[in-house]
Amino acid sequence: MKIVANFKANHTFKSTGEYLEKIEFFLRTHKIDSQIAVFPPFTAFPCKQNSLNVKFGAQNFYPVKSGSITGEIGFEQLNEFGIDSVLIGHSERRMLLKESQDIIANKFNFAKDNNFEIIYCIGEPLEIREDGINSILEYLFSQFYGIDTNYEKLVVAYEPIWAIGTGKSAVTKEIDEVLNALKEKIKTPLLYGGSVNINNVSSIVGLKNCDGVLVGSASLDVDNFCKIIEKIDNIKK
Ligand code: PEP
């Protein structure tokens with residue numbers, strides 16, 4: 001199982017350091033088989049030097065080695081910290097930052113050419129969800145435009161937009177239906193994200209085609225995140 005924490009614009013260098021200390025202690029003192037990754041803000045990348053069992057990833061990057069792109073970071077900056085995993089296509093970037101599918105595909109190709117692990121997010125808005133499964137799948141598959149779904153370091157995260165940060169997770173049956181349909185087309189590991197919490201995580205990761213979770217709000221408190229990890233690790237599939 002893969003368990004990924006997306007901090008977004010939460011936590012600082014200092015608080016990420018404290019978080020890491022606690023989670024590393026937890027992982028040292030519990031036998032956990034799952035792979036744990038944290039995607040902190042860039043300013044917390046220096047904490048990575050104290051991380052043994054937690055992988056670090058980047059929430060964003062600009063597809064250049066380096067250059068005149070004000071406010072962005074490129075390959076050289078990620079490489080300096082040994083970051084080799086990136087998040088692409090998150091709905092907050094698609095919607096708030098207006099990242100088009102062309103921009104996303106461009107980032108994907110750059111990350112692939114540089115051999116990054118890519119956690120690629122797809123998800124439908126509420127009006128598409130209400131239209132039924134055929135519309136949902138059509139919408140989700142359109143988000144694979146320009147994406148090489150055979151890339152061996154690709155992990156797909158299904159994150160219905162209406163379930164992100166709302167406290168309203170999709171019901172297990174809805175997640176199951178989508179993950180099964182995705183797995184028929186693409187053979188990569190599949191994560192679910194969208195208001196995953198301590199109460200719903202067991203039924204979600206118990207689904208046949210769920211290979212892990214991407215957790216936002218419920219990952220911010222380290223004790224809570226450790227409880228989620230423990231619960232997931234107890235699910236034997
Ligand atoms: C996310 O933004 O990727 C996410 C899953 O957030 P939350 O868990 O808060 O819904």
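This passage walks through two helix pairings, a pocket and a loop in a predicted model.

The first pairing brings together helix H1, which covers residues 13-29, and helix H9, which covers residues 222-233. Their axes sit 10 Å apart and meet at an angle of about 30°. Angles under 35 degrees count as roughly parallel, so H1 and H9 are roughly parallel to each other. As for handedness, the crossing of H1 past H9 is right-handed. On the H1 side, the contact is made by Tyr19, Lys22, Ile23 and Phe26. H9 brings Val222, Asp223, Phe225, Cys226, Ile229 and Glu230 to the contact. Sorted by character, the residues of this contact come out as 7 nonpolar and 3 charged, with no polar ones.

Next up is the pairing of helix H6 (residues 133-142) with helix H7 (residues 172-185). Here the packing angle is about 50°, and the axes are 11 Å apart. That angle makes H6 oblique to H7. H6 and H7 cross in a right-handed way. From H6, the residues involved are Ile133, Ile136, Leu137, Leu140 and Phe141. They meet Glu177, Val178, Ala181, Leu182 and Lys185 of H7. The contact of H6 with H7 holds 8 nonpolar and 2 charged residues, and again no polar residue turns up.

Away from the helix contacts, there is also some open space to look at. Rolling a probe the size of a water molecule over the atoms shows where empty space is left. In this model, the largest pocket holds about 280 Å³ of space. Its lining is made up of 13 residues. Nearest the centre of the pocket lie Lys8, Ala9, Gln59, Asn60 and Arg93. The lining is a mix of 6 nonpolar, 4 polar and 3 charged residues.

Lys8, one of the residues nearest the pocket centre, belongs to the loop between strand S1 (2-6) and H1. His11 is found in the loop between S1 and H1 too. The backbone at these two positions deserves a quick look. Most residues other than glycine have a negative phi. For Lys8, however, phi is near 55°, a positive value in a residue that is not glycine. His11 also has a positive phi, near 75°, and is likewise a residue other than glycine.

Technical notes: Residues numbered from 1 in each chain as written. Predicted model: local features only at pLDDT ≥ 70, side-chain atom pairs only at ≥ 80, totals over all residues. Heavy atoms only, no water. Axes fitted to C-alpha atoms, helices over the stretch in contact; angles between N-to-C directions. Helix = DSSP H or I, 4+ residues; strand = E, 2+ residues; numbered from the N terminus. Parallel < 35°, antiparallel > 145°, perpendicular 65-115°, else oblique. Left-handed = near helix turned anticlockwise from the far one by under 90°. Contact = heavy atoms within 4.5 Å. Nonpolar A, V, L, I, M, F, W, Y, C, P; charged D, E, K, R; others polar. 1 Å grid on protein atoms, 1.4 Å probe; cavity = no way out; pocket = protein on both sides within 12 Å on 5 of 7 lines; lining within 4 Å. Points joined across faces, edges and corners; volume = space filled by probe spheres on them.
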